[in-house]
Amino acid sequence: MTDLGCGLLGAADDEDREYALSDYEGARARWCPGCGDHSVLTAVQKLLTAEQLKPETTVFVSGIGCSSRFPHYLTTYGFHGIHGRALPVATGIKLHRPDLDVFVVMGDGDCTSIGAGHWIHALRYNPDLTVMLLDNGIYGLTKNQTSPTTPQGLVSNTQPRGSLLPALNPLTVALGVTNASFIAQTAEFVPAHLYATLRAAHKHRGLAFVRILQRCPIYTPGIYGEAVKKPALVELLVHDDGVNVPALESVYQQRRQHDPSDLAAARELAQSAEPIRLGVFFRDPSRICYETLRRVPGRTARERLTLLDTELDRYAV
Amino acid sequence: MATSLEPAASVVDAPPDAARREATLAEHTLEVVSDAGEGAQKCGQIFGAVSARMRNGVWTVEIIPAEIQPPPRVPEGASGIRIRLGSREITNWGDQTNLVVAFNEQVLLARHRLGALAEDAVLLLEDTWATHEDEAVRAAWNAAMNELSSRSYRIIPVPMEAQCLSLVDNPRKGKNMFALGMLAWIYRRDLERIAEQIAHAFRKKSEDVYSQSVALVQLGYDWAGRHLDFRITVPSMEGGRPMVVMNGNEALGMGAIAAGMELCAMYPITPATSVSHYLSEVFEKFGGVVHQAEDEIAAAGVAIGASYSGKVAFTITSGPGLALKTEFIGLAIMTEVPLVVVDVQRGGPSTGLPTKVEQSDLFAALFAQPGDAPRIVLAPATIEECFHVMVTARRLAEAFRTVVIVLSDANLATGVQPFPRPALDVRWQAAPVDLTALPDEFKAYGWNAETGLSRRAIPGQPGGMHTLTGLSHDDRSKVAYSAGVHQQGSAMRSRKLAVLQSTLEPPVVYGPDAGELLVVGWGSTKGAIEEAVDRARTEGRAVSSLHLRFLSPLEPGLREIFARFKRVMTVEINYSDEPDDPYITGENRRRGQLAWLLRAATLVDIDCWTRVPGEPFKPATILEIIRRRTVVTEAS
């Protein structure tokens, strides 16, 4: 056994091991055929392989919903918790174990509705997490209820005359949070962009929030139907500090240079839903991570008890 | 038991050396009461700590108004502290107060109206109000004097404000130290120890505050020496084991350190928050962090995330917060992630009585959960146990891979009592997180089929990868809805409690282990119950008591113990229907929570006496309950 510091004991690293994509494949995914979740899973498995992340030091945390089955389909550690509460769990993991690589997978109900409070505060705490919002604009697992991101007018079982309110814009919400450090949008139907964005998100130190636009093949098959067919409806935000995917250039000709350090411009660009903008809206790697802020020197059991004995002196009779 | 002072013929403003009464008493109970913000509690805390240092038995209880800044000079705003001093160990706040220092007559009235004051209590009362420029104030003073004259109190006017003005501009900020000086003179407290205690209490304040406070104490001390005609000696206890003195919330925090826990996640809630105040001040030095989460739910989630990834973490809360954490607690139980949840109980339901004691969260702690969610529930009965329970809680959470709920209460939270200095043991501490590789055949829930116990894998451990899930799962943590799997998982989680119970000893009866009446309690009522039992026995009544620390699983052997008594009853600070209330029958009567639990567990016809007064029980009250249910069988 080796002392790894911070009160961790372990074996020496198995540095030579090389991981293939299949090493990350867990149970067969049970999502519906055509579900955007499959594309995200593939992109994540590609990312894990490209980065050669050790399955034992990687944790996927999710809440409840279709997308929250995600961890089961990987071979890493996984924590499939309760609805809306993935972020506090992930924050706790990171606070105690900054050495772990932690990903969070949430759906739109999970993140922007029942877990909205945690979402805002996690952005502010800014722990070093890669956070994916798999946003298909509907509650799928519970069978077709309106979510905060459901487009206005879309019919569901709970709002049969059409979604009553304008959809919540997760980007403007996230961009409004103090100390948020990375906010991006990508789409399941542009796999190369999805992969590149996740990779940039993972590289970012701090909470990288990625909203992934996707369709539910059963309940919201049409929400990005036009954009899927007409790349002209999509605008790529490109920058050396953001995401550049040269391979997409021939198809996606609408491109905009956007410096992700420009928060005011990011907020402006995030305001409108048309064109659909994909890219890194905002990135500030200098923002402080919560677990860094809260790092304290570790103590051995004996050190702690010696100090506690001194502490007891203050209360001694 | 407490003897008070005879009213003296001559009172104040005359050097009373010749007439001075010196009383030596086995115990004495005093209070300092003021408007909120005038520092009566600080005065009493320092006095209590110094008294403990001088080896008196001490129990302090804070008198807390529900509002932060209630209007001045109203009875509802009474803020203060009661200190019971003894020449032996003191385990509760006693019955009535023998001496009061009051900063105005209205807060004194509040204590009078509550019946808190002994018939012959000595009342040291700020007299500036008697001659106040506002006629309404003078009228209120006169009305109060009239009301107080119905009892044979001895009222001694004290010009606290006038005296303090010789040293400070704002007497509101100085009276409490003047009062402390008076008390120091009356009870012969050591001024040097008082100065040390002031330095500790005001460690975050400036040197000026310290020196001014010490000067005010001296002023009060000298004033008392010149004007009071009595002094009181409560002899110290024999020297012996080294002791420490603190309140229950500090003890919980220190216990968490002794247990080797490194993360406390919380959201502010009275009366639990002061645990985090204490820890926020010292925890980092011990390698620990207090995380103030965005809400109660997140606090539970952060603690679970931390526990899942290594050392057991804890969250502290009170009733409404416990309710919010319910779903996460269920997740931790279902996924067998160890977690310690401390609930410092207050009056409920809903927002209830935020600053007042109650023992109403027992059922919430035991059962609040959809589905079957067995967990361990412990209740410390003393300040000392608040310390040690955290060590026990962490170890049980880890060993049994489950949630341990610790039920403290507002009485323990702010109560101060000396207790034997803990002999720290390195085995109390959590082991370093072991990340060595697990064998190929490792299962996320490798349940021992007999005990339900299993080893958990921690992220970072090669070979242990799996996805925890709150869904029904098999021993590999695979989602499985089949009947057999859910039956087995449920059985394994439940079995652990029986296994834990098999390791416990039957509880020890206080007093003879057979008799007419057995009083059963839990939590902070222990001292008052046992004192009442002692008194009842000296009257010749065959009564004993039993105090439970484990509420889930229950300690073993209860049915046998109960069988040796003609009657068994619980005494609890929670609500129950009175048997003779309208509509109440033996079948529909809602009983005290422990009584309900014990009846179900033992099939013994257990009675209960419960009240929700928002304050601790007095021994005399419990004695009266015992008297009504027993006969005098032996000559006293």
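**Entry 1: a loop in chain A**

I began at A:L53, which counts as partly exposed because it has 17 C-beta neighbours inside 10 Å. A reminder to myself: this is a predicted model. I found A:L53 in the loop between α1 (36-51) and β3 (58-62) of chain A. Which residues does A:L53 contact, leaving aside its neighbours within four places in sequence? I noted A:L48, A:T58 and A:D101. I also looked up A:L165: it is 112 residues from A:L53 in sequence, and the two lie 42 Å apart in space, C-alpha to C-alpha.

A:Q52 lies in that loop between α1 and β3 of chain A too. Its phi is positive, about 50 degrees, although A:Q52 is not a glycine. That caught my eye, as most residues other than glycine have a negative phi. Is A:Q52 buried or exposed? It counts as exposed, because I find 10 C-beta neighbours inside 10 Å.

**Entry 2: chain A as a whole**

I stepped back to take in chain A, whose secondary structure comes to 10 helices and 11 strands. Its C-alpha atoms fill a box of roughly 75 × 50 × 40 Å along the principal axes. I checked the radius of gyration as well: chain A has 21 Å, which agrees with the value near 20 Å for a compact globule of 317 residues. Of those 317 residues, 54% count as buried. I then looked at contacts in chain A between residues at least 6 apart in sequence, and 64% of them join residues at least 24 apart.

**Entry 3: helix α4 of chain A**

Next I picked helix α4 (residues 116-125) of chain A and listed its buried residues: A:H118, A:W119, A:A122, A:L123 and A:Y125. Seen down the axis of α4(A), these buried residues fall within an arc of 160 degrees, so they line one face of the helix. I kept a general rule in mind here: an α-helix has 3.6 residues a turn, so residues three or four places apart point the same way.

What covers the buried residues of α4(A)? From chain A, the cover includes α2 (86-96), α3 (108-114), α5 (170-175), β8 (208-213) and α9 (290-293). Chain B takes part as well, with α10 (296-308). Just after α4(A) I met A:N126, with a positive phi near 55 degrees.

**Entry 4: strand β9 of chain A**

I turned to strand β9 (residues 234-238) of chain A, where 5 of 5 residues are buried. A:V234, A:L236 and A:V238 point one way from the strand, while A:E235 and A:L237 point the other way. This fits what I know of strands: in a regular one the side chains alternate between the two faces of the sheet.

Which strands does β9(A) pair with? One is β11 (residues 276-283) of chain A, running parallel and joined by 3 bridges, with A:V234 partnered by A:I276. Another is β10 (residues 255-257) of chain A, again parallel with 3 bridges, and there A:L237 stands opposite A:R256.

**Entry 5: where the chains meet**

I counted 62 residues of chain B in contact with 53 residues of chain A. On the chain B side, α10(B) gives the largest share, 9 residues. By class, the chain B side divides into 37 nonpolar, 15 polar and 10 charged residues. I also found strands pairing across the chains: β4 (residues 77-80) of chain A and β18 (residues 467-469) of chain B run parallel, joined by 3 bridges. There A:H80 has B:T469 as its bridge partner.

**Entry 6: domains of chain B**

The domain assignment splits chain B into domain 1 (21-233), domain 2 (246-417), domain 3 (434-503) and domain 4 (515-629). I looked at domains 2 and 4 of chain B, whose centres are 26 Å apart over C-alpha atoms. Here 21 residues of domain 2 are in contact with 19 residues of domain 4. On the domain 2 side, the elements giving two or more residues are α13 (362-367), β14 (376-378), β15 (403-409) and α15 (410-414). That side has 12 nonpolar, 5 polar and 4 charged residues.

**Entry 7: backbone oddities in chain B**

B:R401 has a positive phi of about 45 degrees and is not a glycine. I placed B:R401 in the loop between α14 (383-400) and β15 of chain B. B:R401 is buried, because 24 other C-beta atoms lie within 10 Å.

Where are the cis peptide bonds I noted? One joins B:T270 and B:P271, with omega about -5 degrees, and B:P271 sits in the loop between β10 (263-266) and α9 (273-282) of chain B. Another joins B:S552 and B:P553, with omega about -10 degrees; B:P553 is in the loop between β21 (550-552) and α18 (558-563) of chain B.

Conventions. Residues are numbered from 1 along each chain as its sequence is written. Chains are lettered from A and ligands numbered from 1 in the order in which they are written. This is a predicted model: local features need pLDDT of at least 70, side-chain atom pairs count only at pLDDT 80 or more; totals for chains, interfaces and linings use all residues. A residue is buried if 20 or more other C-beta atoms lie within 10 Å of its own, exposed if 12 or fewer, and partly exposed in between; C-beta atoms are placed from the backbone. Helices (H or I, at least four residues) and strands (E, at least two) are DSSP runs, numbered from the N terminus. The arc is that of the directions from the helix axis to the C-beta atoms. Two residues are in contact if their C-beta atoms, placed from the backbone, lie within 7 Å. Domain bounds come from an automatic or database domain assignment. Ala, Val, Leu, Ile, Met, Phe, Trp, Tyr, Cys and Pro count as nonpolar, Asp, Glu, Lys and Arg as charged, and the others, Gly among them, as polar. Two strands pair if DSSP finds at least two bridges between them. The radius of gyration is taken over C-alpha atoms; the globule rule is 2.2 Å times the number of residues to the power 0.38.
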